[in-house]
Amino acid sequence: MSDPTKRELERELAALKHQLEGAPDTGPTDVTVEWRDAAPEARPTGIAYDPETATLTYDLWAAQRECLAALTGGEADLVACLAGYGSGKSILGARWLLAQALTHPGSRFLAMGVDFTKARDSTFRILFDQLPGERTAMVTRAHNGPETSPVVADYTRSANRLTLTNDATIILGAADSWSRYAGDEFGAIWLDEPSHYEPDLHDLLEMLGSRLRGVAGPHVQCWTLTGNGYNDAWEILGQRQDSTGDPIGLELEVVRASTLDNPYLDPGTRERFERQYADTDREDQALRGGFAAAQGLVYSGFSRDRHVLPHAAAVDRAGDSWRVYGYDAGWDDPRVCLELGKTSYEQLVVLDAFYESESHLEDVRAWLDDNDKPAGTIYCDHEPAQIDKLNRAGYPAEAATKDLDEGIAEVRKRLEADGNLDVGTKEKVILTIGGMPNCTHISSSTGETRRAGEPSRDEPAAAEKPAVGLLISERCQPLIR
C-alpha cells in the first residue's frame, strides 16, 4: 500500500476539521465568576472552579479588591493598579479581564503587553495561568495549555486570539504595534506595564479610549504597572495631564499597592525585596506603588546623542547676552549651581555646573567670580540668609518657585523634539560675492561651505535631527553621567 499523497492528507485533515467544527460544544456557555478574600494558606493558587455549577472563584487581597471595586464602580474610565514588584497587580488585571469575557458572551476584549516577545513570557502567560484547569499556562509544540481549560474553546497562536466557550474573544496585543487595533471594538481593555511602552502613551490612550464601544462590556481600561521614572505614565496618572499639559479629560482612579502587604509573597522574597529597595531612592516605586527615577535616569527622554553638546558648541549657541542660575544648597546632598543660557531659537542650554559635596556658599561665589560668569538672576532655595548674602555680594538673587512635579513636567517637555530642524543642522544660505557668480552656497554648523544641493561631508543629507528645547554642555558630567 502506497503512502498517501500531500493532497490526500490535506483533504483528510479538512474533513476532520469539518467534523470537529460540527461537533457539539460541551464546554459551559454560562460561567459564574465570584470573588472572595485571600486565604493563601488554605488556597495558595487563589483559583477554584466547580464544573457542576460552572462557577469560577478568584481570591483577592485587600489592594486587589480595592482595584476591583473601582473597576466595577461605574464611574472611572481608567483604573490603574500602581504597585511594587511582586504585588499581584498583573494577576488582578488578568482575572478581571477573564471575568469580563466570561460574563459577556460573544463580546471582544483586549489584553496588551509591552511587545509580543515580552508579553508571551509575562502578560499572556499570567493570563493563561488564571484560567481554571491544569497546566493552562504551558504552551509548547505538543501542548496547547489554554485549550485544556474547561472555559476555553480555542487558542489560535498565529492570530494571538483566545476564544472562550461562550464565544467571547480576548485579543492578545502588543504596544509596539498598537495601530493594528485602531479599527477594532472592545468591551474592556487591560494594559500590563504601560509605563514601559515605547510609543507615545498619550496617543495610545486616546486611540484605545475610542475603541471601547460597539460590543458588550463595562467599557473601562485597567492598567497594571510599576512606575518607571517620570515618563508618560507618570504624566497621565500622577499629573492627570495630556501631552500638552492640559487636564486629561478622563475619570481616572489610581489604587496604590505595596509589595510588602501581598500575603501571597513568601517571607523570604518579601525580606529580600525590603533589603534591596528599602531606604533607597527607588523604594517608593519598587515597593510602594509610586514613581521614581528609573535606574538613576530621571528623564527617560534624555539622550546623549540628542541633548549633549561639546562645551565650545554649547557656549557658541548660547552667546553671553542672557543668563540665569539655579542654586540648591544641597543640605545632605552636593551643593549645586547651574549656569543656563538661551539660543536664538529659545532653547535653554545648561552651560556649566558647580557640583561639590561639603562645600559652602562662598565656594559658589568664588566659582562665579573665578570663571567670570555673565550676570544673571540666581534662583535659590528658600533660605533668606543665603539669598541676602548673594544680593549683598552683588549677585541678583531671589527665591525659586519650588514645585517638583511642575518642574519635572517642564523639563520633560523641553527634552522632547518639536519637529523643527535642530540648530546644529540648520543651515543659512549665503549668496557668494565674487569667485563663483550666480552660485548659492550653504554654510553648515560645522563651518563647512558647499554648493546648494551637495551633501555635507560631516552631516547626513537625508536625516536631520529634530530640535529639542533643552541642551546640555558635556562639561556638566554630574547631570548626564
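**Cysteine environment, salt bridges and helix packing in the predicted model**

Leaving aside residues up to four places away in sequence, Cys67 touches Val79, Cys81, Leu92 and Val255. The model examined here is a predicted one. Cys67 is located in helix α2, and its relative accessibility of 1% places Cys67 among the buried residues. Between Cys67 and Ala80, which are 13 residues apart along the chain, the C-alpha atoms are separated by 7.7 Å.

The contact between Cys67 and Cys81 raises the matter of covalent linkage. A disulfide is a covalent bond between the sulfur atoms of two cysteines. The cysteine sulfur closest to that of Cys81 belongs to Cys67 and lies 3.5 Å away, which is too far for a bond. The cut-off applied to a pair of cysteine sulfur atoms is 2.5 Å. Cys81 is itself buried, with a relative accessibility of 3%. A second cysteine, Cys337, has its closest cysteine sulfur in Cys380, at 7.9 Å, and this separation is likewise too far for a bond. Cys337 is buried, its relative accessible area being 0%. The count of disulfides in the model is accordingly 0.

The chain as a whole contains 15 helices and 23 strands. Of its 481 residues, 46% count as buried. Among contacts in the chain with a separation of 6 or more, 63% are accounted for by residues 24 or more positions apart.

Electrostatic pairing was considered next. Side chains of opposite charge can pair when their charged atoms come close. The model has a count of 17 salt bridges. One of these joins Asp37 to Arg65, with 3.1 Å between the closest N and O atoms. Asp37 belongs to strand β1 (residues 32-37) and Arg65 to helix α2 (residues 62-71), so this salt bridge ties together parts of the chain that are 28 residues apart in sequence. Arg65 is partly exposed, at 29% relative accessibility.

Another salt bridge links the side chains of Glu339 and Arg323, with an N to O distance of 2.7 Å. Because Glu339 lies in strand β14 (residues 335-342) and Arg323 in the loop between α11 (311-318) and β13 (324-328), the pair ties together parts that are 16 residues apart in sequence. Glu339 is buried, with a relative accessible area of 4%, and Arg323 is also buried, at 7% relative accessibility. Through salt bridges that share partners, Arg323, Glu339, Asp352, Lys373 and Arg475 are joined into one network. A further salt bridge is formed by the side chains of Lys342 and Glu346, at 3.6 Å from N to O. Lys342 is partly exposed, with a relative accessible area of 24%.

Helix packing was then examined for two pairs of helices. Two packed helices are described by the angle between their axes and the distance between the axes. In the pair formed by α2 and helix α3 (residues 89-103), the axes come within 10 Å and cross at roughly 40 degrees. The relation of α2 to α3 is therefore oblique. The crossing of α2 past α3 is right-handed. On the α2 side the contact involves Gln64, Cys67, Leu68 and Leu71, and on the α3 side Ile91, Leu92 and Trp96. Cys67 thus takes part in this helix contact as well as touching Cys81.

The second pair consists of helix α12 (residues 361-370) and helix α13 (residues 384-392), which pack with their axes 11 Å apart at an angle of about 30 degrees. Angles under 35 degrees count as roughly parallel, and α12 and α13 are therefore described in these terms. As α12 passes α13, the crossing is right-handed. Leu361, Glu362 and Arg365 of α12 meet Gln386, Lys389 and Leu390 of α13.

Within this second pair, Gln386 was considered individually. Gln386 is found in α13 and is buried, with a relative accessible area of 16%; the limit for this class is under 20%. Apart from residues up to four places away in sequence, Gln386 touches Tyr327, Ala329, Arg335 and Leu361. Of these residues, Leu361 is one of the α12 residues that meet α13.

Key:
Residues numbered from 1 in each chain as written. Predicted model: local features only at pLDDT ≥ 70, side-chain atom pairs only at ≥ 80, totals over all residues. Heavy atoms only, no water. Buried < 20%, exposed > 50% of the residue type's maximum accessible area, 1.4 Å probe, protein only. Salt bridge = Lys/Arg side-chain N within 4 Å of Asp/Glu carboxyl O. Helix = DSSP H or I, 4+ residues; strand = E, 2+ residues; numbered from the N terminus. Axes fitted to C-alpha atoms, helices over the stretch in contact; angles between N-to-C directions. Parallel < 35°, antiparallel > 145°, perpendicular 65-115°, else oblique. Left-handed = near helix turned anticlockwise from the far one by under 90°. Contact = heavy atoms within 4.5 Å.
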